[in-house]
Number of protein chains: 2
Amino acid sequence: MLNSYSSADKVLLAVDCIIFGFDHQGLKILLIKRDFEPERGKWSLIGGFLKRDEILDNAAIRILNTYTGLHDIYMEQLHAYSEIDRDPVDRTISVSYYALINIENHNEELIKNYHAEWFSIADAPNLIFDHNEMVQHAIRRLRYRTSIKPIGFELLPEKFTMRQLLELYEAILSKELDKRNFISKINSLEILNKLDEKDMQSSRKGSYLYTFNKEKYEEKLLNDFVLNL
Amino acid sequence: MLNSYSSADKVLLAVDCIIFGFDHQGLKILLIKRDFEPERGKWSLIGGFLKRDEILDNAAIRILNTYTGLHDIYMEQLHAYSEIDRDPVDRTISVSYYALINIENHNEELIKNYHAEWFSIADAPNLIFDHNEMVQHAIRRLRYRTSIKPIGFELLPEKFTMRQLLELYEAILSKELDKRNFISKINSLEILNKLDEKDMQSSRKGSYLYTFNKEKYEEKLLNDFVLNL
DNA sequence: ACAAAAGTGTTGATTCTACACCCATGG
DNA sequence: CCATGGGTGTAGAATCAACACTTTTGT
């Protein structure tokens, strides 16, 4: 019968988080070395189980917070993975979420406690279960999203230079972008505030800092504008 | 503890299908009048429970097949819904799938057996649980996908006219499209075969029939082309 | 002959892409 | 004074959007 609420078919629901970060070396993901069975000692995504009295979005937030101390993070549900033996211990369906955070903001302390580490997406280790697939999937989604709407500001510090933004997009899309065309396209969107302040780290001349103007961005979103890099 | 496999937290997993169809009246969804509790007699999406030894994709295929007799249908996983009380009987997380089918092909017989009916998306009845939200979400996704890649041929009969294709896109995007611009854009994609055959139903002059060229389409997909209507 | 839908091109506006030089500053 | 990255504009190509008339044929 299709419609019986049979407890024989109950399953565990896990949440796994693909946490993207960005620094001068490029796009990275946060992984932990498991300190519990199964697969103890192997690398995996940050994850946990959905509690009975909790919705998925909150489970993702809770899990992220537990491992990083972060809150108010951009997260988006990605996909449910349900291969029968994806988890050898018990039938477990996992719903993946991806998060964008800026590496500087994360809480070093908590990350150390949980044996978490940032890896460049190019040279991340092999992961347990179907986590490799989840990461690939998340990267595709991030690229896709980025090529349509300018998300990704979450990956940068609050104040950032045009160069940082350019490099972020190059890292996400893994292709080179023309500096002048990029800047004029971003400017034409009118979603950045140019500050009077300059970042003097990167060069002798110094480069202007910008902040992301969330209000203008939301306003533009209504006319679902497109970013074509 | 984050990582205990506690059977106390096991939940039921449902699959709900948003089944889109298209005919001369526009874009439609397939709904059933529930003949079981809870909410007997109300309209709902076609759905069922995941079995313990089944993956989600197969559950969606099985459920669709049970209610319509259809197989080999384009389906795509959409989203997992997890509000605590979304199903009043038991804690149930539902994963939605959407399917695109052409109405002519469906098995009238089975649809009648299950009290299923096609509704124009504009005047569909109120649905149980969070199914309204699922439908809205699916429409958004369909629009989004359609505006990027030409999916949607699944909604048409094998042979179709340019007018049908145009009207399909107008229905999905719910905006008018310029006939000439549309046709030349579609032609420039080179993913249709123009047949020698004409459809004489629609006019005295008759209009050429086309089929979708899946091989060319797949080939183009590799260069991730964009359709901008 | 006429009604009804099919089919077909052009033009101006916009957007995209490719490309190179001067500027400001700290050392 | 010079090395380093920052900042800026243009022209030709491509694409987009708006637009109207002729063709066919069944009645």
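In this predicted model, a polar side-chain atom of Arg163(A) sits 2.6 Å from a phosphate oxygen of DNA strand D. A polar side-chain atom of Lys179(A) lies 3.0 Å from a base nitrogen of DNA strand D. On DNA strand C, a phosphate oxygen is 3.0 Å from a polar backbone atom of Tyr208(B). The points below take the two DNA strands in turn, then a sheet in chain B, then some buried residues.

**DNA strand D**

- DNA strand D is surrounded by 17 residues.
- The closest are Arg163(A), Lys179(A), Lys205(A), Tyr208(A) and Asn181(B).
- Of the strand D atoms that come within 4 Å of the protein, 39% are accounted for by sugar and phosphate.
- Asp178(B) places a side-chain N or O atom 3.3 Å from a base nitrogen of DNA strand D.
- H5 and strand E10 (207–212) of chain A, together with H5 of chain B, are the elements that give two or more residues to the surface near this strand.
- H5(B) provides the largest share of that surface, three residues.
- By class, the surface near DNA strand D holds one nonpolar, six polar and 10 charged residues.

**DNA strand C**

- Around DNA strand C there are 17 residues.
- Asn181(A), Arg204(A), Arg163(B), Lys179(B) and Tyr208(B) come nearest.
- Sugar or phosphate supplies 45% of the strand C atoms within 4 Å of the protein, and bases supply the rest.
- An N or O atom in the side chain of Asp178(A) is 3.4 Å from a base nitrogen of DNA strand C.
- The backbone of Arg204(A) also takes part: one of its polar atoms is 3.4 Å from a sugar or linking oxygen of DNA strand C.
- Helix H5 (179–189) of chain A, helix H5 (179–189) of chain B and strand E10 (207–212) of chain B each supply at least two residues of the surface near DNA strand C.
- H5(A) gives the most to that surface, with three residues.
- The surface near DNA strand C divides into one nonpolar, six polar and 10 charged residues.

**Sheet in chain B**

- Strand E10 (207–212) of chain B, which supplies at least two residues of the surface near DNA strand C, also belongs to a sheet.
- That open sheet has three strands in the order E8-E10-E9, with antiparallel pairing.
- Strand E8 (160–161) and strand E9 (192–199) are the edge strands, each pairing on one side only.
- E8(B) and E10(B) run antiparallel and are joined by two bridges.
- Thr161(B) has Leu209(B) as its bridge partner in E10(B).

**Buried residues and cysteines**

- Ser96(A) is part of strand E6 (residues 92–100) of chain A.
- Ser96(A) counts as buried because its relative accessibility is 0%.
- Beyond its neighbours within four places in sequence, Ser96(A) contacts Asp16(A), Ile18(A), Glu76(A), Gln77(A), Leu78(A), His79(A), Tyr81(A) and Met134(A).
- Cys17(A) has 0% relative accessibility, so this cysteine counts as buried.
- Cys17(B) is likewise buried, because its relative accessibility is 0%.
- Zero disulfides turn up over all chains in a search of the whole structure.

Conventions: Residues are numbered from 1 along each chain as its sequence is written. Chains are lettered from A and ligands numbered from 1 in the order in which they are written. This is a predicted model: local features need pLDDT of at least 70, side-chain atom pairs count only at pLDDT 80 or more; totals for chains, interfaces and linings use all residues. Side-chain values use heavy atoms; hydrogens and water are left out. A residue is near a molecule or strand if one of its heavy atoms lies within 4 Å of it. A polar contact is a pair of N or O atoms within 3.5 Å; within protein, one must be able to donate a hydrogen and the other to accept it, and residues adjacent in sequence count only if both atoms are side-chain atoms. Helices (H or I, at least four residues) and strands (E, at least two) are DSSP runs, numbered from the N terminus. Ala, Val, Leu, Ile, Met, Phe, Trp, Tyr, Cys and Pro count as nonpolar, Asp, Glu, Lys and Arg as charged, and the others, Gly among them, as polar. Buried means under 20% relative accessible area, exposed over 50%, partly exposed in between (1.4 Å probe, protein chains only). Contact means heavy atoms within 4.5 Å. A disulfide is a pair of cysteine sulfur atoms within 2.5 Å. Two strands pair if DSSP finds at least two bridges between them.
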